[in-house]
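Me: I am new to this structure. Please show me how to read a helix and a pocket.

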Amino acid sequence: MRTLRGGSAAVVAAFALGLIVTPPAHATGGSTTVEELPYAVDSSNQAAWWNPLDVVGDVTFFAFNAPAAQAARHEVHLASRAADGTWTEGCLRATAGTACVTFADDNGHNQPSIVVDGDGVIHAFVSMHNEQWNYFRSDTAGDVRTMVDRTSTMPDLDVDITYPVTARGADGDAWVLVRTGTDADGAREGVLYHFDPDAGSWAREATIAAATGYSFYPDDLEVSPDGRVHVLWEWGPFPADPARHLGSYAVYDPATGTLTDVAGTMVSGPITPASAGAIVWRPFSAGETIGSYTPAVQSAKLALDGSSLAGVGYRFVEKDRTAYDARFARWNGSAWVDEKVVDTAALGDGVATSAAVDVTRAGSTTRLYTVVTAQVCGELRSRAVVAERDDATSTWSFAGVGEARLGQQRLRAQERSTDGADVVYLSAPVAAPARLSRAVVPRGVPVGPATFLSELVADLRDDPGGVNVALGATATASSSLRADTGPERAVDGVCSDASRWISAVGDTAPWISLSLAAPVALEEVRVRSGYSAEAGSAAVLRSFEAQVRTSAGWTSIGSVTANTQRLVSFPAAGVVADGVRLLISDPSASATDVARVFEIEAIAVE
């Protein structure tokens with residue numbers, strides 16, 4: 001067997017040729033750095049909850065979906081970053097020298113997982129949602145440019161495979177956990193496969209869990225220094241369901257072929273939802289069943305403290321809610337202890353977490369990564385967040401990681417062996433264009449700058465604050481598209497598609513006017529416009545003038561032409577006014593040329 005060596009000559013030699021230098025990384029708070037990969041990313045790169053990341057010493061490996069020439073298809077590319085900051089990229093090929101293989105888009109399903117074994121050989125499992133194996137391997141250690149199809153070498157070639165999660169053993173072996181389709185038996189099982197570098201081949205190792213009427217959902221896989229394989233999963237009803245339950249954890253010992261629970265008690269395999277022992281870290285709530293839509297678990301990751309479980313980070317939605325919280329479960333020696341780390345209900349309407357979570361552990365510190373999202377006037381905005389807690393404290397501290405983005409983000413994190421820092425895979429698939437970034441969050445210093453979650457959400461909302469004296473004002477307009485799109489919708493404080501003033505079709509110069517309750521000194525006027533179904537700028541107000549009514553009459557405070565922004569602010573310089581109005585000369589650039597206004601805010605001088 002081989003022991004993985006973080007700076008092995010086989011891996012380092014792969015970077016000797018074909019290097020591409022990235023733009024310099026930039027700091028995003030404290031000593032955290034973030035750099036964007038210099039490669040095109042496909043919008044189908046929607047999931048990082050499998051394992052598209054591996055870190056070998058100071059070398060980082062990323063797998064991602066890249067654009068293909070054909071519509072609704074993508075290529076799978078791997079990129080490696082050397083310790084000196086240079087990147088190398090390669091795609092998956094059927095054989096050396098042939099064109100890049102393409103795969104059908106299937107957002108959230110056909111995502112890649114990778115692992116680098118102790119010899120530096122890269123293994124990639126891709127595009128398998130109830131499909132037979134798609135397995136690729138590098139011909140040269142550490143070289144992402146030499147990835148070719150090795151599917152024929154896999155066992156169980158007639159089995160449907162889904163959701164591969166990967167791990168490297170302390171001895172350099174490689175592991176992959178998948179859900180296999182045994183639909184004829186009314187079950188989809190969790191099966192573990194093992195790659196032995198000495199033999200150079202994969203073999204079916206064990207069926208971890210299986211039960212008639214249930215579907216196994218792999219979450220995470222880690223191998224501890226003692227060689228035991230730690231397995232994390234959820235159960236859903238057969239054949240599949242977006243809402244899952246009974247978050248579970250067990251440890252497989254390849255030396256004995258046995259399974260134990262978190263307390264070290266032997267359990268019989270394959271494990272079922274009814275198996276005895278301390279396996280289920282998220283049991284059913286009152287009234288919950290395997291077919292419930294809420295409450296439900298979605299996505300979970302584990303972290304080890306040496307060869308013991310440090311804890312499980314996961315997403316959970318409470319009964320009759322739509323927003324998933326981020327939670328953390330740990331074993332205290334006699335029972336599972338569970339806590340809410342990100343409470344979305346406490347953060348305001350429209351706040352949630354996206355389907356991404358991870359946990360790392362180094363020294364006495366645990367970190368939980370998630371993505372917080374907020375609906376802001378028809379736009380979904382997101383920010384990766386890290387929560388950190390030292391064993392000596394009882395509270396979590398928070399910090400943002402990377403930039404706030406339009407649309408969802410996904411992430412995966414892995415501790416770097418050379419210094420304990422976390423390397424984070426950050427995917428923003430619906431940004432324009434799609435983005436992929438690498439963040440490094442160091443250890444030995446607090447995450448930072450530390451802040452409150454409420455402040456991160458306020459930043460995400462891009463809410464400048466202030467007292468809005470236009471809230472509830474009397475509003476009139478030149479026209480309205482329908483009875484439920486009247487001008488009063490622009491001053492009700494609700495920033496959603498269902499609460500907008502929309503002018504009538506054919507009104508080429510619409511206007512809207514507000515009468516405030518009393519004259520007040522104004523700092524600025526803010527106009528929020530658009531439509532969430534149009535991700536670009538076609539639906540925002542195109543050209544318009546903002547006026548305020550003073551004792552001398554209507555006075556202009558600014559105008560904009562060819563606007564592309566959903567939020568436009570006009571300084572009012574403290575003028576005392578009792579009214580605000582918009583005169584619109586070009587309602588929008590959309591095919592239905594109407595004015596669409598979420599809110600008009602008149603901010604008083606403090």
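**Helix α2 and two pockets**

Reply: In helix α2 (residues 453-461; helices are DSSP runs of H or I, at least four residues, and strands runs of E, at least two, numbered from the N terminus), the buried residues are L453, L456, V457 and L460. They lie on the same side of α2 because they cover an arc of only 100° around the axis, taken from the directions from the helix axis to the C-beta atoms. Buried means under 20% relative accessible area with a 1.4 Å probe, protein chains only. This is a predicted model: local features need pLDDT of at least 70, side-chain atom pairs count only at pLDDT 80 or more, and totals for chains, interfaces and linings use all residues. Residues are numbered from 1 along each chain as its sequence is written, and side-chain values use heavy atoms, without hydrogens and water.

Me: What covers the buried residues of α2?

Reply: Look for contacts, meaning heavy atoms within 4.5 Å. The cover includes β27 (336-342), β28, β29, β30 (379-390) and β31 (397-406). Just after α2, D462 has a positive phi of about 55°.

Me: How much space lies in the largest pocket?

Reply: A pocket is an open set of points on a 1 Å grid over the protein atoms alone, where a 1.4 Å probe fits, with protein on both sides within 12 Å along at least five of seven lines; lining residues have an atom within 4 Å of a point. Volume is the space filled by probe spheres set on the points, which are joined across faces, edges and corners. Here it is about 890 Å³. Of its 34 lining residues, R168, E222, V223, Q414 and E415 are closest to the centre.

Me: Which element gives the most to the lining of the second largest pocket?

Reply: β42, with three residues.

Conventions:
Buried means under 20% relative accessible area, exposed over 50%, partly exposed in between (1.4 Å probe, protein chains only).
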